[in-house]
Amino acid sequence: MILKNFKELSNYLNTPRSIVIIGHKNPDGDAVGSTLGLKHYFDKKGHRTQVLMPNEFPDFLHWVPGVKTVYRFDRQNNQCVKALAKSDIIFLLDFNALHRVGDDMQNTLKKYENDFALIDHHQQPDDFEYMYSDTTMSSTCQMVYNFIEMFDDLELIDENIATALYTGIMTDTGSFRFRSTTSRTHRIIADLIDKGAKNDRIHSSIYDANSHNRLLLLGRALSNLKVIPEYNTAYITLNQHDKDEFNYEKGDTEGVVNYALSLKGIVFAVIFIEDVEQRIVKISFRSKGSFSVNKFARNYFNGGGHDNAAGGRSEESMSATIGKFIALLPEYENDLLNSYE
């Protein structure tokens with residue numbers, strides 16, 4: 001764990017400040033939950049806050065308390081720039097380096113003259129003035145809970161904060177089934193429920209909000225599933241035609257890679273998603289046991305993340321990307337066959 005200049009940050013926040021809170025590009029449940037949870041907390045402490053996101057997030061997260069106050073950098077650039085100019089400090093949540101917000105927003109943040117504070121659980125973070133980094137944490141939302149506890153303010157957690165934090169912990173732990181889910185995680189979840197988080201409604205709002213097209217796209221993804229049993233590996237492909245056929249919307253492929261990982265004997269699962277507009281193939285990696293998809297993604301596919309969940313990208317064609325991926329597997333045969341399963 002890295003806890004850098006925390007005492008100084010605590011003293012700095014004793015006076016009401018103008019605070020901007022930023023999540024990563026293509027925000028997920030943890031990014032949305034942690035930024036809004038921290039916003040609600042800071043609001044109760046008398047600070048002036050504004051949450052900024054680089055771009056849109058999935059419809060199934062549009063109900064989270066406070067979401068209507070969020071500015072999007074790609075659509076509300078003027079409002080975002082003004083908020084940054086008026087701010088005393090920027091909190092960066094659920095990402096470890098400025099490039100994770102996209103080129104346009106990164107270039108703006110590089111010109112920022114005040115300090116950054118990082119709260120994040122991804123590996124190999126960049127260095128910032130204030131840092132709370134812990135790669136053992138289940139989620140950034142769990143870290144925000146810890147952050148509030150460090151300030152001895154758990155009694156300030158109300159239903160809005162509890163709901164936001166529960167959302168991020170639930171989604172980033174795969175509904176509490178990933179290895180990062182600890183007894184501490186469950187104790188925090190219990191406290192959030194006691195403080196007003198309605199666990200059944202939160203789960204339903206996220207996982208029972210599928211469109212007809214999203215389920216049809218899932219069917220196509222599963223029909224494209226390929227298994228490589230000699231390496232305990234499975235992968236899914238979705239090309240642009242598949243996405244267009246079922247009117248793809250942001251968030252429609254969230255969690256699809258986990259279906260490949262759910263196969264008996266599989267320890268390494270991947271989904272390759274073609275994005276013609278950006279001229280890339282987006283990649284999500286998942287694993288079980290000791291096989292590090294973070295290292296794999298960093299080494300070969302311009303990505304990274306966690307040991308068991310990471311992302312990447314390729315600027316080659318879909319076929320070339322898959323060919324490269326398959327050609328790498330023999331090098332990791334021993335690791336994949338002895339990952340722990």
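Me: Buried means under 20% relative accessible area, exposed over 50%, and partly exposed in between (1.4 Å probe, protein chains only). On that scale, what is the relative accessible area of Asp74?

Reply: Heads-up: this is a predicted model, with local features needing pLDDT of at least 70 and side-chain atom pairs pLDDT 80 or more, while totals for chains, interfaces and linings use all residues. Residues are numbered from 1 along each chain as its sequence is written, and side-chain values use heavy atoms, with hydrogens and water left out. Asp74 counts as partly exposed because its relative accessible area is 44%.

Me: Which residue does Asp74 pair with in a salt bridge?

Reply: A salt bridge here is a side-chain nitrogen of Lys or Arg within 4 Å of a carboxyl oxygen of Asp or Glu. For Asp74, the closest N and O atoms of the pair are 2.9 Å apart. The partner is buried, at 12% relative accessibility. That partner is Arg72.

Me: Which residues get joined into one network there?

Reply: We already have Asp74 bridged to Arg72. Salt bridges that share partners join these two up with a further acid, and the network is made of Glu56, Arg72 and Asp74.

Me: And how many salt bridges does the whole structure have?

Reply: Side chains of opposite charge can pair when their charged atoms come close. The search covers the whole structure, and it comes back with 12 salt bridges.

Me: How many residues apart are Asp127 and Lys4?

Reply: Their side chains meet in a salt bridge, 2.9 Å from N to O. The pair links distant parts of the chain: Asp127 sits in the loop between β6 and β7, Lys4 is in strand β1, and their separation is 123 residues. (Helices, H or I of at least four residues, and strands, E of at least two, are DSSP runs numbered from the N terminus.)

Me: Is Asp127 buried or exposed?

Reply: Its bridge partner Lys4 is partly exposed because its relative accessibility is 25%. Asp127 is at 60% relative accessibility, so it counts as exposed.

Me: Which lysine does Asp153 bridge to?

Reply: The side chains meet at 2.9 Å, N to O. Asp153 lies in the loop between α5 and α6 (159–172) and its partner in the loop between α2 (29–44) and β3 (48–53), so the bridge ties together parts that are 108 residues apart in sequence. Asp153 is buried because its relative accessible area is 7%, while the lysine is partly exposed at 35%, and its name is Lys45.

Me: How many residues of α5 are buried?

Reply: Helix α5 covers residues 140–150. The buried ones include Thr140, Cys141, Tyr145 and Phe147. Met150, by contrast, is partly exposed because its relative accessible area is 33%. As a whole α5 is mostly covered, with the buried count at 9 of its 11 residues.

Me: Which residue takes a positive phi just after α5?

Reply: Look past Met150, which is in helix α5 (residues 140–150). The phi in question is about 60°, and it belongs to Asp152.

Me: What volume does the largest cavity have?

Reply: A cavity is a set of points, on a 1 Å grid over the protein atoms alone, where a 1.4 Å probe fits but cannot get out, and lining residues have an atom within 4 Å of a point. Points are joined across faces, edges and corners, and the volume is the space filled by probe spheres set on them. The search finds 2 cavities of 30 Å³ or more, and the largest has a volume of about 60 Å³.

Me: How many charged residues are in its lining?

Reply: At least two lining residues each come from β1 (2–4), α1 (6–12), β6 (115–120) and β7 (130–133). Among the lining residues are Leu3, Lys4, Phe91, Tyr130 and Phe147. Ala, Val, Leu, Ile, Met, Phe, Trp, Tyr, Cys and Pro count as nonpolar, Asp, Glu, Lys and Arg as charged, and the others, Gly among them, as polar. The lining has 11 nonpolar and no polar residues, and the charged count is 1.

Me: How many polar residues line the second largest cavity?

Reply: That cavity holds about 40 Å³ of space. Its lining includes Ser10, Tyr41, Lys45 and Phe151. The classes are 4 nonpolar, 1 charged and, for polar, 3.

Me: How far apart in space are Ser34 and Thr167?

Reply: Ser34 is in helix α2, and it is buried because its relative accessibility is 0%. Thr167 is 133 residues away in sequence, yet C-alpha to C-alpha the distance is 8.7 Å.

Key
On a 1 Å grid over the protein atoms alone, a cavity is a set of points where a 1.4 Å probe fits but cannot get out, and a pocket is an open set with protein on both sides within 12 Å along at least five of seven lines; lining residues have an atom within 4 Å of a point.
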